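This report is written for a reader meeting the structure for the first time. It moves from a sheet to the cores, then to one arginine, and ends with the cysteines.

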Amino acid sequence: MGNFGLILVLDLIFLIYPVVYGYDPMDPMGNITIRWDVTTSTEVNHQIRVSIFNYQLFRHVEQPGWKLSWDWHGKEVIWQMWGAETTEQGDCSAIKGDTPPHCCLKEPVILDLLPGAPYNKQVANCCKGGELTSLTQDPEKYVSSFEMSIGSASNDGSGPRMPENFTLGIPGYTCGVAVKVPPTKFHEDQGRRQTQAVATWDVICSYSQFRASSSPACCVSLSAFYSETIVPCSVCSCGCQGQRGAAQCVKRGEVPPVIQLGHNELPTPILECTRHMCPIQVHWHVKQSYREYWRVKMTIRNLNLVRNYSQWNLVVLHPNLRSITQVFSFDYKPLDQYGDINDTGMFYGIKYYNDMLLQAGRSGVVQSELLLHKDAGIFTFNEGWMFPRKISFNGYECVLPSPDKYPMLPNISQFLAPSILTIIVFSFCLIFTMF
């Protein structure tokens, strides 16, 4: 598909799903889809299966996980729920019966069950604590599901209706309106029988880093074998020490304060004090140049004293990734989203070896080396070509130094210009040969 065809497809998607507040050129089709399947239906009750698909190539949902919510149109209630639970039951006093509903709130908030939930509460693809892996990194754990029985508490005999105003409860995501799609088909008896939902709706949720955070969470430093200059992360890349709203920091050697953890919440970041104040620092070092290859060393450093990063990933944009020959210590997958243009790749840890980036300290570092072929016609040492165009960590775009500060090649005139001593020695030798 050419560029025109890709643009046409994107335009059609935006027409079908008009609410799109974010767009990532490294993952143009990425989204989280909420699928609402009505599996059985009567006049007053529906059996519903809700699935949350993470169709993003590298961005995953971390702790504390998704927190799904919506608005009911009328007096709908949730009678029972499996694979998830609401945070509150609400006031169900108006509903008579031996067994009260699971939730009577007009705006219920649903949480995924934790691992180890009772078997009679589990369904397929549930019970991960709301965490979702990326589609590329772990395709077996990118979906979460739960089931529920819903009905209406009104006396007019009307059944439950499709809710509206869906939210995921994850910073940065905005959900569009529910769109009716062809019914989902399910396989039974090891694939020999196929059933389908009564009706299916999709809700598309898109991500925007600007909506997720007002400040970056990652920065990049650079160096090269041909230069003594180490270009650090830009000052105040993610904030400034002492600035209002900036993360608390602790100087190296000091003991961090005692942390009080909230319920189902991440701890407030406490960082090592740096000039850039970023929780994550990525260092790109051009290590060596061979006749036909060149080598890069990548180092990822966690400067957050109170957080580990499980199943982390690093996405790099560089034109020479199309000719990557070998990756040491990391797993690698190309993200060729634009036809034959293969300049983007995802690096991530090897399972049970370095897929966990530990909190700041001696163990809070992972590193790898890359071997790339020198492609004729594009490879050059000039103008910072060997440095990445874009880097993101766990989907957060990192701040790169200004190009005018990149390590520069030595001035060749310094090597070609003869020294005064060389001129004197050459003159004496020339005079000596004349006599």
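Which residue of β23 is the bridge partner of V316? In this predicted model, the bridge partner of V316 in β23 is G345.

## The sheet around β23

That pair belongs to the contact between strand β20, residues 313–317, and strand β23, residues 344–349, which run antiparallel to each other and are paired over 5 bridges. Another position facing β23 is V315, which stands opposite M346. Strand β23 also pairs with β22, again in the antiparallel sense and over 5 bridges, and here D331 is the residue that stands opposite Y348 in β23.

These strands are part of an open sheet of 5 strands, whose order is β22-β23-β20-β26-β27 and whose pairing is antiparallel. The edges of this sheet are taken by β22, residues 330–334, and by β27, and because each of them has a single partner strand, one side of each is left without a neighbour in the sheet.

Are the residues of β23 buried or exposed? The strand is mostly covered, with 6 of its 6 residues buried. The residues T344, M346 and Y348 point one way from the strand, while G345, F347 and G349 point the other way, and on both sides they are buried.

## Two nonpolar cores

One of the residues of β23, F347, appears again in the largest nonpolar core, a set of 34 residues in which W284, M298, I300, W312, L314, F347 and F393 touch the most other members. The elements that contribute two or more residues to this core are β14, β17 (280–289), β18 (293–302), β20, β22, β25 (365–373) and β26 (390–393). Another core, of 32 residues, lies apart from it, and among its members are I110, Y173, W201 and Y207.

## The surroundings of R35

Strand β1, which covers residues 32–41, contains R35. The side chain of R35 is joined to the side chain of D202 by a polar contact of 2.9 Å. When residues up to four places away in sequence are left out, R35 touches R49, V50, S51, F53, T184, T200, W201 and D202; W201 is also one of the members of the core of 32 residues.

## Disulfides and a cysteine outside them

A disulfide is a covalent bond between the sulfur atoms of two cysteines. How many disulfides does a search of the whole structure find? The search finds 8 disulfides, and some of them are set out below.

| Cysteines | S to S distance | Torsion about the S-S bond |
|---|---|---|
| C92 and C104 | 2.0 Å | about 115 degrees |
| C175 and C205 | 2.0 Å | 100 degrees |
| C218 and C398 | 1.9 Å | about 80 degrees |

The link of C92 and C104 is right-handed, because the torsion about its S-S bond is about 115 degrees. Both cysteines lie in the loop between β5 (84–86) and β6 (109–112), 12 residues apart. C92 is buried, with a relative accessible area of 13%, and C104 is buried as well, with a relative accessible area of 17%.

The link of C175 and C205 is right-handed, with 100 degrees about the S-S bond. The pair links distant parts of the chain, since C175 is in strand β9, residues 173–175, and C205 is in strand β13, residues 199–207, 30 residues apart. C175 is buried at a relative accessible area of 13%, and for C205, also buried, the value is 0%.

For C218 and C398 the torsion is about 80 degrees, so this disulfide too is right-handed. C218 lies in strand β14, residues 218–224, and C398 in the loop between β27 (396–397) and α3 (412–416), so the pair ties together parts that are 180 residues apart in sequence. With a relative accessibility of 0%, C218 counts as buried, and C398 counts as buried at 6%.

Which cysteine sulfur is nearest to that of C103? The nearest one belongs to C104, at a distance of 6.5 Å, and C103 is in no disulfide. A disulfide requires sulfur atoms within 2.5 Å, and C103, although outside any such link, is itself buried, with a relative accessible area of 1%.

Note on methods: Residues numbered from 1 in each chain as written. Predicted model: local features only at pLDDT ≥ 70, side-chain atom pairs only at ≥ 80, totals over all residues. Heavy atoms only, no water. Helix = DSSP H or I, 4+ residues; strand = E, 2+ residues; numbered from the N terminus. Buried < 20%, exposed > 50% of the residue type's maximum accessible area, 1.4 Å probe, protein only. Pairing = 2+ DSSP bridges. Polar contact = N/O pair within 3.5 Å; in protein donor to acceptor, adjacent residues only side chain to side chain. Contact = heavy atoms within 4.5 Å. Core = buried A, V, L, I, M, F, W, Y, C linked by side-chain atoms within 4.5 Å.
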